[in-house]
Amino acid sequence: MMASAFFSVCDVRELREGVDDDSAMLPGKWTEWIEIIKPEITKAEEENGWTKKRENWYTNLKKLKELIESEGENGIYELRLNKEGKTRVVYIGSSCAEGGLRARLSQYVTNGSHKVLLIQKALSAGATIEARVCIYKDCETAREREDEILAKLDYLWNIRKNLTPRKQEAFATALYEMTSAGF
């Protein structure tokens, strides 16, 4: 039996992009979504704290500070692509061993962290990157929640706990859909 056929049969998790944000599969008190990386900005946004980090990459660390009130808070976060109001949640992570949620998300907005190529491709397609967080009292609880969610849901950009090799093909399809009529 080929590996991809084996994984397709065994992986019974739902695709995250097909699950509502308020689903019971996503326990906890989540914040609202905020824009953290944009491909371009207006003059008013520039005056409101958005700065250029690299070509086609603008961020607003002030927004992160509003989202996560204090340094060192632990929790989990999701990243979502948004293009012209069409959205797709693509990643979940935790703040464990990263200095807290604000520090972890700051890594994404300043240099892309380990997802720099995926972020750059999404921005090149005209998508905005958004984030939301769910705060927990400690790192262990945050990691447990992340593992529980990853056991139920398959996120396009996650590698850990993903069984199916859908990443490259699915991301290419998502980018194509973002730049065409569908999403």
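Visitor: Where do Arg143 and Glu146 lie, and how many residues apart are they?

Guide: In this predicted model, both Arg143 and Glu146 belong to helix H6, which covers residues 139–152. They are 3 residues apart, or about one turn of the helix.

Visitor: What do Arg143 and Glu146 form?

Guide: The general idea is that side chains of opposite charge can pair when their charged atoms come close. Here Arg143 and Glu146 form a salt bridge, with 3.8 Å between the closest N and O atoms.

Visitor: Is Glu146 buried or exposed?

Guide: Glu146 has 4% relative accessibility, so it counts as buried. Arg143 has 32% and therefore counts as partly exposed.

Visitor: Which residues do salt bridges with shared partners join into one network?

Guide: The network consists of Arg16, Asp21, Glu78, Arg80, Glu130 and Arg132. Over the whole structure, a search finds 10 salt bridges.

Visitor: How far apart in sequence are the parts that Asp21 and Arg80 tie together?

Guide: First, the contact itself: the side chains of Asp21 and Arg80 meet in a salt bridge, at 3.7 Å from N to O. Asp21 is in the loop between strand S1 (14–15) and S2, while Arg80 is in strand S5, so the pair ties together parts 59 residues apart in sequence. Asp21 is partly exposed at 26% relative accessibility, whereas Arg80 is buried at 12%.

Visitor: Which side chain meets that of Glu35 in a salt bridge?

Guide: That of Lys38, with 3.5 Å from N to O. Glu35 is partly exposed, its relative accessible area being 25%. Lys38 counts as buried, at 8% relative accessibility.

Visitor: Now the sheet. In what order do the strands stand?

Guide: To read a sheet, list its strands from one edge to the other. Here 6 strands give the order S3-S4-S2-S7-S5-S6, with antiparallel pairing, in an open sheet.

Visitor: Why is one side of strand S3 and of strand S6 left without a neighbour in the sheet?

Guide: Strand S3 (51–54) and strand S6 (86–94) stand at the edges and have a single partner strand each, so one side of each has no neighbour in the sheet. On average, neighbouring strands of this sheet are turned by 35° against each other, direction ignored.

Visitor: How many bridges join S3 to strand S4?

Guide: There are 3 bridges between S3 and strand S4 (residues 57–59), and the two run antiparallel. One example is Arg54, whose bridge partner in S4 is Trp57.

Visitor: What packs on the sheet?

Guide: Helix H5 (residues 116–124) does, touching S2, S3, S4, S5 and S7. The direction of H5 makes about 100° with that of S4. Another helix to look at is H4 (residues 101–111), which lies across strand S2 (34–38), S3, S4, strand S5 (74–83), S6 and strand S7 (128–136). H4 runs at about 30° to S5.

Visitor: How much space lies in the largest pocket?

Guide: Rolling a probe the size of a water molecule over the atoms shows where empty space is left. In this structure, the largest pocket holds about 200 Å³ of space. The pocket is lined by 15 residues, and the closest to its centre are Tyr91, Gly93, His114, Glu146 and Arg160.

Visitor: Which element gives the most to the lining of the largest pocket?

Guide: S6 does, with 4 residues. Both S6 and H6 supply at least two residues each of this lining. Glu146 thus appears in two places here: in the salt bridge with Arg143 and among the residues closest to the centre of the largest pocket.

Definitions and conventions: Residues are numbered from 1 along each chain as its sequence is written. This is a predicted model: local features need pLDDT of at least 70, side-chain atom pairs count only at pLDDT 80 or more; totals for chains, interfaces and linings use all residues. Side-chain values use heavy atoms; hydrogens and water are left out. Two strands pair if DSSP finds at least two bridges between them. Axes are lines fitted to C-alpha atoms, for helices over the stretch in contact, and angles run from 0 to 180 degrees between N-to-C directions. Contact means heavy atoms within 4.5 Å. A salt bridge is a side-chain nitrogen of Lys or Arg within 4 Å of a carboxyl oxygen of Asp or Glu. Buried means under 20% relative accessible area, exposed over 50%, partly exposed in between (1.4 Å probe, protein chains only). On a 1 Å grid over the protein atoms alone, a cavity is a set of points where a 1.4 Å probe fits but cannot get out, and a pocket is an open set with protein on both sides within 12 Å along at least five of seven lines; lining residues have an atom within 4 Å of a point. Grid points are joined across faces, edges and corners, and a volume is the space filled by probe spheres set on the points.
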